[in-house]
Amino acid sequence: MRLVFAGTPEPAVVALSKLIASEHEVSSVITRPDARKGRGRSLHPSPVKELAQHHGIEVLTPQTLKDNEEIRQVLREIAPEAVPVVAYGNLIPADMLEIPTHGWVNLHFSLLPAWRGAAPVQAAIRNGDADTGATTFRIDTGLDTGDILGHIHEPIHATDTADDLLTRLAFAGADLLVETMTGLADGTITPVAQPSEGTYARKITSADARIDWSEPAEVVDRAIRAHTPAPGAWTTLGGERVKLERITPAAEGDLRPGEVRVSKEVVEVGTSSANVELTRIQPPGKKMMAAADWARGLKSTEGIEFV
């Protein structure tokens, strides 16, 4: 089947790679324009663009698809049978959805209708879901509301960060996307309408990643894992922001929420239900480090409190 692929970040690279290696033909790629990164703020291509160029595939980088007649004309000339989409990051106008024979098919990292929206992996972890998955569906004008074409399940492990879970879903979902393209080509897929009701995972802000120590230990743990590596879970110490990565349950529950105790190279923090052991921390202006190493560098370990 002749395809145009739309995607931008690293998780989309896995799917594009699998499609290139499949029996389907990736005629062109649509991705976000080069972005400025690093201290020098130089322009860098998206991961998807880099892979496409490596394989000699035409790359289109429109700033927007709205009122973009050039992209419409290119799509009409290519006449793709489907446009698989993975984290593209641009709204697709309704009239453009009609150009491919089988439409634009999105790979979404949740079991729809659960966690529609921008941050399904983070939402599933923070909510304490036991499992999640990936869904392929035909994009319509709603927010992740189109007919479902396929899905796979993936358990959420007790230590999963968002990065851990997204990595597994990217690989399993890439296989699902290839299978969906094949099923559309040979007519073996029957689209299934979604229920109208669903849960939503809005785009995460830095403020969402601030840790509330008045929550129970298990909620604090999920919040830290859900926001690792981005935007990074954080709290404040002496008015300065510090980032946190992993915590583990501690034996006692005698500390006030946010109160910190350092003993024998163990750093404990109080929550509303029990103490937790802090494993890794990133002080201002420094790299992420072991919490014990951070504690050894403190002038005093008395009266420390996270807010």
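Hi everyone. Before we start, a quick word on naming: when I say helix or strand, I mean a DSSP run, of at least four residues for a helix and at least two for a strand, and the numbering goes from the N terminus. Please also keep in mind that this is a predicted model.

Let's begin with the cis peptide bonds. Have a look at the loop that runs between β7 (104–108) and β8 (116–117), where you will find Pro113. Leu112 is joined to Pro113 by a cis peptide bond, and omega there is about 15°.

Now please move along to the loop between α7 (217–226) and β12 (233–237), which holds Pro229. Here the bond from Thr228 to Pro229 is cis, and its omega is near 10°.

Next, let's turn to phi. Which sign does phi of Asp67 have, positive or negative? The value is positive, near 55°, and Asp67 is a residue other than glycine. You can find Asp67 in the loop between β5 (58–60) and α3 (69–78). Is Asp67 buried or exposed? Its relative accessibility is 63%, so Asp67 counts as exposed, the cut-off being over 50%.

My last stop is Ala87, in the loop between β6 (83–86) and α4 (94–97). Ala87 is also a residue other than glycine with a positive phi, here near 50°. As for accessibility, Ala87 has a relative accessible area of 40%, so we call it partly exposed.

To recap, we visited the cis bonds at Leu112 to Pro113 and Thr228 to Pro229, then the positive phi values of Asp67 and Ala87. Thanks for listening!

Note on methods
Residues are numbered from 1 along each chain as its sequence is written. This is a predicted model: local features need pLDDT of at least 70, side-chain atom pairs count only at pLDDT 80 or more; totals for chains, interfaces and linings use all residues. Side-chain values use heavy atoms; hydrogens and water are left out. Buried means under 20% relative accessible area, exposed over 50%, partly exposed in between (1.4 Å probe, protein chains only).
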